[in-house]
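Let's take a walk through a protein model together. Have the sequence and the 3D view ready, and follow along one stop at a time.

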Amino acid sequence: MAKRPRNVDKGENKQPPRKIMKQDAVKRNGGSPKPSDGWPTVDFSQLLHSDTIRKILTTGNWDFLRSEASKLYPSTQRIPCSIDLTRFATGRQNVVLEVAFADGTYWVVRVPLTEDVETQMLSEVATMKLVLQKTSIPVPSVFGFDHRKGNPFGFPYMFMSALSGRTLDGKFALSIPEQHKAKVASQLARYWYELSQITFDRIGRIWSEPGADDYQIISLPSYGVRNRQPGFYGIGPFRTSCAYLSGIRRGMDDMLRAQHQDAWPQWQRPCRALRDAIPLLSRALQHQRGPFPLSHPDLHYGNIMVDDNFNVTGIIDWTNAHTAPVEAFATLDELMIPRCASKDLKEAIAHFRDLFTHALKNLESTQSGATCLALSGLFESSTLTVVHRWLLATQIVPHSLQAAMVYANSVLQVLYGDGIT
């Protein structure tokens, strides 16, 4: 039985690989396009984790993985499968390959590219299970996984259903034809609204014991220094929005201090400004003590799949999902206007956001007995802008002191006015 983790980086959960399978969870493609048909050609020189990907492709026990997929496949006969190692998709945290069964069914197998993913993977599996139980959001089904680094394949892995559709190449406001924008905005609003109904009284990641249908909140991963040892540790769970903001800001400050020890006096200025902004920012937040909805912080065009008619067919990559303050939940990348955006981009995003908000208001007016969170009104408030900028300044590691100052000033100008520097 899996133990509830005390720290996210300790890898305490060493149970055998889990198999999660329902007979109706596998969809036979019947000649539909392969998942890899929409994947771009990979240039290793441009990959963030090129060395890690090469290591996975060349040293992983792929014969074992193919055998494991065939064992998991729900059939009275053993159906062989193949995995093409020359075709894969990758992002910042995972590499994904196609599993092709001899009967025409496709799965995907996902392999993490970062270290210490045991608790992260277990939390993501629990999160997707919860979302499938509570909403109609099209989320991949997990057929089996092994979160252990020392498993026979050699790396943690996860088998999932291959959702139909493709991701777009840019923001929805620009990538979706005008005649389809209202439909896409309405579908996104419904899925996002359904997600908002999954709430907890604390901020952190989702956790569930094996075979259980109840869910708990556990710590979030954050950089820190403990006993003079730098690394990623668990922080939280948090009972208030202010404690959450303070906790994640402290983690970024610890990382920047470790990276810029000699220049730390200069780096302290933007860090202190963002830290000092927390009390004022917190007073503007609703529901300081919850409820806290389940947030997908990477809900952007790269993780939203659509078909040829621009219907939303899948929402993927729940790796970083966690409960969050309502305003953080509402900072959807597709609806937030970048600070230095062109006039055309600002107008396009504002138009798409209006369509989204209109659909959301219609949902709120027709739903009864739902969690009472004032969602649509958030998009008419400047609070959302400052929360979005503060989160960017706290969750994206600045590549230079100048970038850190720009991040800090973008927050301070919304809080105190354009005259601040």
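## A glycine in a loop

Start at Gly-377, which sits in the loop between helix H10 (343–366) and helix H11 (382–395). Keep in mind that this is a predicted model. Is Gly-377 buried, partly exposed or exposed? Its relative accessibility is 38%, and partly exposed means anything between 20% and 50%, so Gly-377 counts as partly exposed.

Now find Leu-360. Along the sequence, Gly-377 and Leu-360 are 17 residues apart, and in space their C-alpha atoms are 9.8 Å apart.

## The nonpolar cores

Leu-360 also turns up among the residues that Trp-192 touches, along with Leu-299, Phe-329 and Phe-379, leaving aside residues up to four places away in sequence. Trp-192 is a good one to click on: in the largest nonpolar core, which has 67 residues, Trp-192, Trp-318 and Phe-356 touch the most other members. There's a second, separate core too, with 26 residues, including Ala-69 and Phe-88.

In soluble globular proteins, nonpolar side chains tend to be buried together.

## A helix to check

Helix H3 covers residues 118–134. How far should its 17 residues span? At 1.5 Å a residue, the answer is 24 Å, and the end C-alpha atoms are 25 Å apart, so the two agree. H3 is mostly covered, with 13 of its 17 residues buried.

## The whole chain

Zoom out and you'll find 12 helices and 15 strands in the protein chain. Of its 421 residues, 52% are buried. The accessible surface comes to about 19800 Å², and carbon and sulfur atoms hold 49% of that.

Conventions
Residues are numbered from 1 along each chain as its sequence is written. This is a predicted model: local features need pLDDT of at least 70, side-chain atom pairs count only at pLDDT 80 or more; totals for chains, interfaces and linings use all residues. Side-chain values use heavy atoms; hydrogens and water are left out. A nonpolar core is a set of buried Ala, Val, Leu, Ile, Met, Phe, Trp, Tyr and Cys residues joined through side-chain atoms within 4.5 Å. Buried means under 20% relative accessible area, exposed over 50%, partly exposed in between (1.4 Å probe, protein chains only). Contact means heavy atoms within 4.5 Å. Helices (H or I, at least four residues) and strands (E, at least two) are DSSP runs, numbered from the N terminus. Accessible areas come from the Shrake-Rupley method with a 1.4 Å probe; for residues, only the protein chains shown count as cover. The expected span of a helix is 1.5 Å times one less than its number of residues.
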